[in-house]
Amino acid sequence: MKTMNRFTLAVMAILCSTLWVTGCDSENPPPKAPENRTAGAYASVNGINLYYELHGTGRPVVLLHGGLSTIDTTEPFLSTLARSRQVIAVELQAHGRTADIDRPMKYELMADDIAALIKHLGFESADVCGFSLGGGVAIQLGIRHPSVVRKLVVVSAPFKSNGWYPEVRAGMAYMDADALAGSPPHEAYVRVAPRPGDWPVLVSKLRQLLAGEEYDWTDTLRTLKAPTLIVAGDTDNMPPAHLVEMLGVLGGGKADGAMGNPPSSRLAVLPGVSHWSILTRTDLLAPIVPAFLDEPMPAAKP
């Protein structure tokens, strides 16, 4: 494959697919650091020094970013959540200010990190909201550690590896650290990473996770106890049919919701919204996500 084609596919995987949220156009400027941000801190859990920040006050909600991203790329959604609750914004393994450790990058292991962080902070449980890569971690957190997850919001993340559009996953397979040098994700990483030279390690491990491993969480997803809101754009990186399938696996999409029995699992497909712009669309997210989190807990699943 020619170098230019490889570069194009790599950049496409970042800017047009699953990995970096900016909303960079005339209507959606690049994200800025949260206003009045607290000093960040580190939690030593599972052998990793996990970086996190606390924003706002109220019921805790963990916010998990997408691949090759930092906490800053969750804006302005982070600030929207922080108006009415305490946001625990985390940078996952090898991302941002959290240095990599000698272990593979897996959804399950990162979920274990977040469960340990919730306990480290002294919370019995927390709501969890994850985008893209963070959405996969959030799903695994709910499956593996149900006692620490109150409600779950999964934004733009599939529950099967083949849930991504084929061309999106093909782009992921060509992510290349050298080709992405100087890109916005690389510049953001270099600004804050404890070891900026680890950029190739992050790209390599993420490429293996996203494009080199097959998974299907159907059976374990059926065991998920936490009320779950699935959110995606109608021009996202997975087809709407996959989102509807996920809702069905979670027990939603049934007629009894129209009979006064709202389901514990919901689906919101946002019109005219893509994967890269979804976290900037607080005009659509603000009426949906906080309202879901604020609803009384439904009766426990049998």
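Are Asp113 and Arg103 buried or exposed? Both Asp113 and Arg103 are buried, and we will meet them again in one of the views below. A word before we start: this is a predicted model.

**View 1. The whole protein, as a starting point.**
Welcome to a protein with eleven helices and eight strands. Of its 302 residues, 54% are buried. Take the contacts between residues at least 6 apart in sequence: 78% of them join residues at least 24 apart.

**View 2. The sheet of eight strands.**
Here the strands line up in an open sheet, in the order β1-β2-β4-β3-β5-β6-β7-β8, and their pairing is mixed. At the edges sit β1 (41-45) and β8 (265-274), each of which pairs on one side only. On average, neighbouring strands of this sheet are turned by 25° against each other, direction ignored.

**View 3. A hairpin at the β1 edge.**
Follow the chain from β1 into β2 and you trace a hairpin, with two residues between the strands. Asn46, in the turn, has a positive phi of about 55°. The two strands run antiparallel, and five bridges join β1 to β2 (residues 48-55). Two of the pairs are easy to find: Val45 has Ile48 as its bridge partner, and Ser44 has Asn49.

**View 4. Strand β2 and its other neighbour.**
On to the pairing of β2 with β4, which is antiparallel and has five bridges. Look for Leu54, whose bridge partner in β4 is Ile88. Strand β2 is mostly covered, since six of its eight residues are buried.

**View 5. Two helices that pack on the sheet.**
Which strands does helix α4 touch? Helix α4 (residues 133-144) packs on the sheet against β3 (60-64), β5 (126-131) and β6 (149-155), and its direction makes about 145° with that of β5. Helix α9 (residues 240-249) also packs on the sheet, touching β6, β7 (228-235) and β8. The direction of α9 makes about 165° with that of β8.

**View 6. Leu141 and the nonpolar cores.**
In soluble globular proteins, nonpolar side chains tend to be buried together. The largest nonpolar core in this model has 62 residues. Those with the most contacts inside it are Val62, Leu64, Val90, Ile114, Leu141 and Leu221. Helix α3 gives this core its largest share, eight residues. Centre your view on Leu141 and, leaving aside residues up to four places away in sequence, you will find that it touches Ala111, Ile114, Ala115, Ile118, Val128, Pro146, Val148 and Val149. A second, separate core has 25 residues, including Leu229, Ala268, Ile278 and Leu279.

**View 7. Helix α7 and its buried residues.**
Helix α7 (residues 199-211) makes a neat check on helix geometry: at 1.5 Å a residue, its 13 residues should span 18 Å, and its end C-alpha atoms are indeed 18 Å apart. The buried residues of α7 are Trp199, Leu202, Val203, Lys205, Leu206, Leu209 and Leu210. An α-helix has 3.6 residues a turn, so residues three or four places apart point the same way. The buried residues of α7 pack against α3 (107-120), α4, α5 (166-172) and α6 (184-192).

**View 8. Lys205 and its partner Asp100.**
There are 13 salt bridges in the structure, and this view shows the one between Asp100 and Lys205, whose closest N and O atoms are 2.7 Å apart. Asp100 lies in the loop between β4 (86-91) and α3, while Lys205 belongs to helix α7, so the pair ties together parts that are 105 residues apart in sequence. Asp100 counts as buried because its relative accessibility is 12%. Lys205 is buried as well, with a relative accessible area of 18%.

**View 9. Asp113 and Arg103, as promised.**
Back to the pair from the opening question: Asp113 forms a salt bridge with Arg103, with the closest N and O atoms 2.4 Å apart. Asp113 is in helix α3 and Arg103 in the loop between β4 and α3, so the pair ties together parts that are ten residues apart in sequence.

**View 10. Glu214 and Arg169.**
In our last view, Glu214 forms a salt bridge with Arg169, and the closest N and O atoms are 3.0 Å apart. The pair links distant parts of the chain, 45 residues apart: Glu214 is in the loop between α7 and α8 (218-221), and Arg169 is in helix α5. Is Glu214 buried or exposed? Glu214 counts as exposed, at 61% relative accessibility, whereas Arg169, at 14%, counts as buried.

Definitions and conventions:
Residues are numbered from 1 along each chain as its sequence is written. This is a predicted model: local features need pLDDT of at least 70, side-chain atom pairs count only at pLDDT 80 or more; totals for chains, interfaces and linings use all residues. Side-chain values use heavy atoms; hydrogens and water are left out. Two strands pair if DSSP finds at least two bridges between them. Helices (H or I, at least four residues) and strands (E, at least two) are DSSP runs, numbered from the N terminus. Axes are lines fitted to C-alpha atoms, for helices over the stretch in contact, and angles run from 0 to 180 degrees between N-to-C directions. Contact means heavy atoms within 4.5 Å. The expected span of a helix is 1.5 Å times one less than its number of residues. Buried means under 20% relative accessible area, exposed over 50%, partly exposed in between (1.4 Å probe, protein chains only). A nonpolar core is a set of buried Ala, Val, Leu, Ile, Met, Phe, Trp, Tyr and Cys residues joined through side-chain atoms within 4.5 Å. A salt bridge is a side-chain nitrogen of Lys or Arg within 4 Å of a carboxyl oxygen of Asp or Glu.
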